[in-house]
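Tutor: Let's walk through this one together, a question at a time. Have a look at the sequence and the structure before we start.

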Amino acid sequence: MGKIALAAKITHVPSMYLSELPGKHHGCRQNAIDGHIEIGRRCRELGVDTIIVFDTHWLVNSGYHINCNAHFEGVYTSNELPHFIKDMSYKYDGNPELGHLIAEKARGKGVRAMAHEVQSLELEYGTLVPMRYMNEDQHFKVLSISAFCTSHDLQDSRKLGEALVEAIKEYDGTVAVLASGSLSHRFIWDQQAEAGMNSYTREFDRQVDIRVVDMWTEGLWAEFCAMLPEYANYCFGEGLMHDTAMLLGVLGWDEYKGKAEIITELFASSGTGQINAVLPLD
């Protein structure tokens with residue numbers, strides 16, 4: 001029987017890559033990068049062989065999709081923000097066996113899940129950015145699951161997380177599960193982009209994010225699950241926060257009792273609220 005060794009909600013802001021490059025933004029996201037490196041270090045200590053990413057930058061309009069390619073390799077430029085991420089090389093192994101097993105278990109719960117081994121199906125930067133810092137040496141296999149779900153019910157995303165738990169019971173290995181996406185996500189207005197690189201678009205979003213982080217560290221998950229649909233709606237949660245619903249499905253939804261450990265403190269990036277937080281497992 002397999003094991004889930006680590007679960008976390010993480011950032012994937014493209015300014016992390018920009019932070020590496022010479023220029024005025026050099027070092028601007030070092031705290032977030034350091035947080036990813038720390039999560040990767042913990043995964044190694046825990047014997048993780050595969051990292052599963054719920055990627056809110058993989059937009060899908062129908063169904064739930066798992067990228068099950070056996071190998072990923074290429075050079076990535078963001079078509080959304082090519083001035084932030086361009087010519088970023090990557091190379092990782094995948095885990096087709098586990099991906100197909102998750103899809104099978106999800107379908108058993110009535111979720112329209114599909115696993116794909118299509119060479120031209122590439123990874124999105126919600127997976128590529130964290131893997132750059134957690135998996136630079138290609139130590140871990142990578143599974144990416146679509147989590148920008150435009151026509152989906154949060155309860156189906158919850159079921160997908162529950163299906164993942166069932167799949168791991170039949171998997172001979174150890175995994176980490178990452179919800180890759182922001183908290184609030186009201187992107188900064190274009191004319192304010194430079195000035196708003198490190199600020200929120202709306203004070204309302206900042207205040208709600210602060211309260212949400214307090215709820216997480218206090219273990220108020222039943223209350224958070226009750227407010228999740230409205231939070232995702234009113235604060236423009238990235239990918240409608242399906243990544244968070246999937247992660248909570250893994251953890252037990254409103255019965256989860258863990259208290260979040262903040263690895264990278266809440267920070268603003270181009271109007272949005274970002275964090276790296278490990279959610280302890282029983």
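**Helices and pockets**

Student: Which residues of α7 meet Thr-244, Ala-245 and Leu-248 in α8?
Tutor: Look at where α7 touches α8, with contact meaning heavy atoms within 4.5 Å. On the α8 side you'll find Thr-244, Ala-245 and Leu-248. Their partners in α7 are Trp-221, Phe-224, Cys-225 and Leu-228.

Student: Before we go on, what kind of model is this, and how are the residues numbered?
Tutor: It's a predicted model, where local features need pLDDT of at least 70 and side-chain atom pairs count only at pLDDT 80 or more, while totals for chains, interfaces and linings use all residues. Side-chain values use heavy atoms, with hydrogens and water left out, and residues are numbered along each chain as its sequence is written, from 1.

Student: How far apart are the axes of α7 and α8?
Tutor: Helix α7 covers residues 221-234 (helices are DSSP runs of H or I, at least four residues; strands are E, at least two). Axes are lines fitted to C-alpha atoms over the stretch in contact, and angles between N-to-C directions run from 0 to 180 degrees. Here the two helices pack at about 145°, and their axes are separated by 12 Å.

Student: How many nonpolar residues are in the contact of α7 with α8?
Tutor: Ala, Val, Leu, Ile, Met, Phe, Trp, Tyr, Cys and Pro count as nonpolar, Asp, Glu, Lys and Arg as charged, and the others, Gly among them, as polar. No charged residue takes part in the contact of α7 with α8, and there's 1 polar one. The number of nonpolar residues is 6.

Student: What about α2 and α4: at what angle do they pack?
Tutor: Helix α2 spans residues 30-45, and helix α4 spans residues 125-134. Their axes lie 7 Å apart. Because 65 to 115 degrees counts as roughly perpendicular, that's the word for this pair. The angle is about 70°.

Student: Which residues of α4 make the contact with α2?
Tutor: On the α2 side, the contact takes in Ile-33, His-36, Ile-37, Ile-39, Gly-40 and Arg-44. By class, the contact divides into 7 nonpolar, 2 polar and 1 charged. From α4 come Val-129, Pro-130, Tyr-133 and Met-134.

Student: How far apart are the axes of α3 and α5?
Tutor: Helix α3, residues 96-108, packs against α5 at an angle of about 125°. That makes α3 oblique to α5. Their axes are apart by 8 Å.

Student: Which residues of α5 meet α3?
Tutor: α3 brings Leu-98, Leu-101, Ile-102, Lys-105 and Ala-106. By class, their contact has 8 nonpolar, no polar and 2 charged residues. The α5 partners are Ala-163, Leu-164, Glu-166, Ala-167 and Ile-168.

Student: Now the pockets! Which residues are closest to the centre of the largest pocket?
Tutor: A pocket is an open set of points on a 1 Å grid where a 1.4 Å probe fits, with protein on both sides within 12 Å along at least five of seven lines, and lining residues have an atom within 4 Å of a point. This one holds about 300 Å³ of space. Of its 25 lining residues, the closest to the centre are His-57, Glu-80, Tyr-125, His-185 and Glu-238.

Student: Which element gives the most to that lining?
Tutor: Two elements, β2 (50-60) and β10 (272-278), give two or more residues to the lining of the largest pocket. By class, that lining has 9 nonpolar, 14 polar and 2 charged residues. With 3 residues, the one that gives the most is β2.

Student: And how much space lies in the second largest pocket?
Tutor: The second largest pocket has 13 lining residues, and nearest its centre are Ile-4, Val-165, Val-250, Leu-281 and Asp-282. Its lining is made of 8 nonpolar, 2 polar and 3 charged residues. The space in it is about 230 Å³.

Student: Which element gives the most to the lining of the second largest pocket?
Tutor: Three elements give two or more residues there: β1 (3-10), α5 (154-169) and α8 (242-251). With 3 residues, the one that gives the most is α5.

Definitions and conventions. Points joined across faces, edges and corners; volume = space filled by probe spheres on them. Parallel < 35°, antiparallel > 145°, perpendicular 65-115°, else oblique.
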